[in-house]
Amino acid sequence: MKKIILFLTIIILFLSGCARNTHETVFAMDTVMDLTLNDGDVIDTLTGEIARLENIFSPTRDDSEVSRINAHGGADVLSPDMQNALKKSMGYAAETGGAFDPTLDPLVKLWSHEAVPKRADIADALVKCGYLNIKYDGTRLTLPRGGGLNLGGIAKGYTSDVLKKVLVDNSIKSAILSLGGNVVAHGSRSDGTPWVVGVADPDGGANATLGTLRVSDKFVIASGDYERYFMQDGRRYHHIIDAHSGAPSTSDLREAVIVCEDGAMGDAYSTALFVMGSTRAIEFWRAHNNFEMILVTKNHKVIVSKGLLDSFTLDNGGYSYETCAR
Ligand code: ADP
Ligand code: MG
């Protein structure tokens, strides 16, 4: 898990159809973000919002709001965005039975050293975690001793909601924003056709896809084991933790993709469904009607929920295709 502390900004102007698009690449929240739309001023507003939210949610910056909360074991006053993100996170934690859990910082830190930690250290970190162990009354937050918030599983999705609002408020009709695995497909392409979003192939290289999604006005959010991980004794240890074991989840999934209309929800759900595994993820989908999903299993099955049958195309012969219905 290399930490690049570089804040990189590249601006490219190019022509797409008849609209003049501005493209900007930003390195923020430990990932590459690509913003494409036809209004340079709005791009500046978007990058400003990304930088502002990174100062709130970054677990690696000592001066971020989340780092200050963790250093003090809580806070008497939270910023409006922290309040909002924390409320949402606690709701998704309860809804997913803790598969998504915003309080796993002690475990996330323990597993960030690219080596399997000692059992005793995992047990020690586990007791400091758990969304039921924090006290939050809507204003005041108290963490358990040694505990810490980690909003890495929702921060990019939350940010994508804020960016979507900037687009709407500025009457932008067409834009595509990619926040490292979190895509905001806003409106349609300038020629009126849907945006085409690639679904990553966990076995492929950096830009390999297993299929494509055609979407308009949707958030497309992926979680998987293929980008941030280390190998030890022939086993893969990735960055998504199962709060029951205190270790990277060992479900049957390699990737979970959510298509929905709420970025924070999609980010929380993609992390949660990845931890749940395919059987529980399908049950969860059946119990909810506010998202669609694509699950990629370790044995190369791509499970596509019914609402995506017309928009998803599998174009990689290494995978079999299955659908799930309600
Ligand atoms: P990515 O950040 O790669 O897009 P995710 O949205 O799935 O992937 O978030 C993973 C990040 O969330 C981890 O790097 C960690 O900071 C945090 N995290 C790890 N496990 C969990 C979990 N079970 N619930 C909530 N957040 C988690
Ligand atoms: Mg997530």
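Why are Asp267 and Thr271 separated by about one helical turn? The two residues are 4 positions apart in helix α7 (residues 263–276), which means that about one helical turn lies between them. Helices here are DSSP runs of H or I with at least four residues, and strands are runs of E with at least two, both numbered from the N terminus.

The structure is a predicted model, in which local features need pLDDT of at least 70 and side-chain atom pairs count only at pLDDT 80 or more, while totals for chains, interfaces and linings use all residues. Residues are numbered from 1 along each chain as its sequence is written, chains are lettered from A and ligands numbered from 1 in the order in which they are written, and side-chain values use heavy atoms, with hydrogens and water left out.

The magnesium ion (ligand 2) has as protein donors Gly153 (O), Asp267 (O), Asp267 (OD) and Thr271 (OG1), at 2.0 to 2.4 Å. Donors are N, O and S atoms within 2.8 Å of the metal (3.2 Å for Na, K and Ca); water is not among the atoms, so sites may look incomplete. Along the sequence, the spacing of the donor residues is G-x113-D-x3-T. Both Asp267 and Thr271 are buried (under 20% relative accessible area; exposed is over 50% and partly exposed in between, with a 1.4 Å probe and protein chains only).

Most residues other than glycine have a negative phi. Met29, in the loop between β2 (19–28) and β3 (31–37), has a positive phi of about 50°. Met29 is buried, at 14% relative accessible area. Glu114 also has a positive phi, near 60°, and lies in the loop between α4 (105–110) and α5 (119–126). Glu114 is partly exposed, at 41%.
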